[in-house]
Every structure is written in C-alpha cells, then in structure tokens.
Amino acid sequence: MGQDLYRKIESVDMTIRALCHEDLPDVLGIECQGYSFPWSESIFRGCFRPDYRLWALESGHWLTGYAVVAYMAGEAHLLNLCVAPAKRGSGGGRRLLRHLIVESARDGMTQVLLEVRMSNQAAIDLYTSEGFDVIGRRPGYYPSGKEREDALVMALPLEGGLPDSHQ
C-alpha cells in the first residue's frame with residue numbers, strides 16, 4: 001500500500017473529542033515523548049476548568065494527541081498542542097488546530113494566540129499555513145537546558161468569521 005493511500009486511510013480514522021481525567025496517563029506519556037521540558041500531571045489537572053478547552057485526538061481507539069486552550073478576555077490562548085512522535089506527519093496536529101480554531105470562533109473568541117519555540121520550525125510552518133501571523137517575540141520564554149529559548153507569539157484573528165481555510 002502506498003504511503004499516500006495509507007495517510008488517507010489513517011486520517012479518516014482520526015476523531016477529536018473532549019479530553020477527560022482518565023486520559024491523563026496517555027497524555028503524560030505523549031507529553032514526555034514530545035517535549036524536553038514536559039508539563040507535570042498537576043499542570044494538566046489544573047487545566048480542567050470552565051474557562052479552558054481540552055481536546056483529545058484519537059486514531060482508532062488510541063489517544064495520539066491533545067490540545068489545551070485557555071479562554072481569557074475573549075481570546076483563545078493555545079497553551080499546548082502535541083501529537084505522539086509516531087503519529088506526526090499524519091495530519092493530526094493540523095486537525096486538532098483546525099478543530100480548536102472552529103470551536104474558539106463558535107464560542108465567540110476574537111482571536112487565537114500562541115507561543116512557539118523559535119527552533120520548532122515544523123510547528124511554525126503549520127501555524128503559518130493555517131493563517132497565523134507572528135505578532136511578537138518573548139525573550140527567554142522557554143527552558144532550554146542551561147539557557148532559555150525565545151518564543152514567537154503568533155495570532156489568528158477570528159473576528160468577522162473564520163479564515164477561508166477553516167470554513
């Protein structure tokens with residue numbers, strides 16, 4: 001079976017649902033595989049609040065990714081989006097991103113904001129391809145060994161409806 005056909009079949013099998021407390025062991029496993037400085041269980045537990053949206057990406061019956069979004073002052077702040085390393089490149093990250101954008105617009109948010117490591121070119125490319133623009137930089141925002149790494153601040157306006165690629 002060709003790689004393109006496999007990816008088409010795999011993407012059909014992806015679903016997005018609300019993340020729940022029972023997902024935390026799988027989330028923490030993906031988090032530790034995906035980041036050098038992963039969030040702790042207590043940080044994730046603190047995100048189960050009315051002003052947050054937590055999304056789970058499933059492939060088949062397996063949790064393969066998640067997104068955490070905080071709603072603050074009419075803006076959706078994407079705090080964490082991660083896909084299991086074995087599932088990267090299958091479109092799951094884009095699917096999660098598009099889902100949270102649509103849900104944020106439905107919930108009346110005016111824009112989606114995020115920070116991304118300057119070294120994370122794959123994520124920067126994803127966000128740019130979905131209409132996000134760089135609006136700033138946060139020096140020393142991320143831990144990075146003995147040093148700290150700058151973050152790009154990116155935004156996608158939602159006022160006046162969704163961007164064309166999300167409708």
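**Leu 152, the sheet and the cores**

Trainee: Is Leu 152 buried or exposed?

Mentor: This is a predicted model, where local features need pLDDT of at least 70, side-chain atom pairs count only at pLDDT 80 or more, and totals for chains, interfaces and linings use all residues. Residues are numbered from 1 along each chain as its sequence is written, and side-chain values use heavy atoms, leaving out hydrogens and water. Buried means under 20% relative accessible area, exposed over 50%, partly exposed in between, with a 1.4 Å probe and protein chains only. Leu 152 has a relative accessible area of 14%, so Leu 152 is buried.

Trainee: Which strand holds Leu 152?

Mentor: Strands (E, at least two residues) and helices (H or I, at least four) are DSSP runs, numbered from the N terminus. The run over residues 147–157 contains Leu 152. That strand is β7.

Trainee: Which residues does Leu 152 touch, not counting those up to four places away in sequence?

Mentor: Contact means heavy atoms within 4.5 Å. One partner is Gly 136, 16 residues apart along the chain, with a C-alpha separation of 6.0 Å. The full list is Leu 114, Glu 115, Val 116, Met 118, Ile 124, Val 134 and Gly 136.

Trainee: In what order do the seven strands form the open sheet?

Mentor: Two strands pair if DSSP finds at least two bridges between them. The pairing is mixed. The edge strands, each pairing on one side only, are β1 (14–18) and β6 (133–144). The order is β1-β2-β3-β4-β5-β7-β6.

Trainee: How many bridges join β3 to β4?

Mentor: These strands run antiparallel. Met 72 has Glu 75 in β4 as its bridge partner. The bridges joining β3 to β4 number eight.

Trainee: Which residues touch the most other members of the largest nonpolar core?

Mentor: A nonpolar core is a set of buried Ala, Val, Leu, Ile, Met, Phe, Trp, Tyr and Cys residues joined through side-chain atoms within 4.5 Å. The largest has 27 residues. Elements including α4 (92–106), α5 (121–129) and β7 each supply at least two of them. The residues asked for are Leu 78, Leu 97, Leu 100, Tyr 127 and Phe 132.

Trainee: Which element has the lowest mean pLDDT?

Mentor: pLDDT is the predictor's confidence in each residue, from 0 to 100. The chain averages 89, and β5 has the highest mean among the elements, 97. Where pLDDT is low, the predicted coordinates should not be read in detail. The lowest mean, 49, belongs to helix α1 (residues 3–12).
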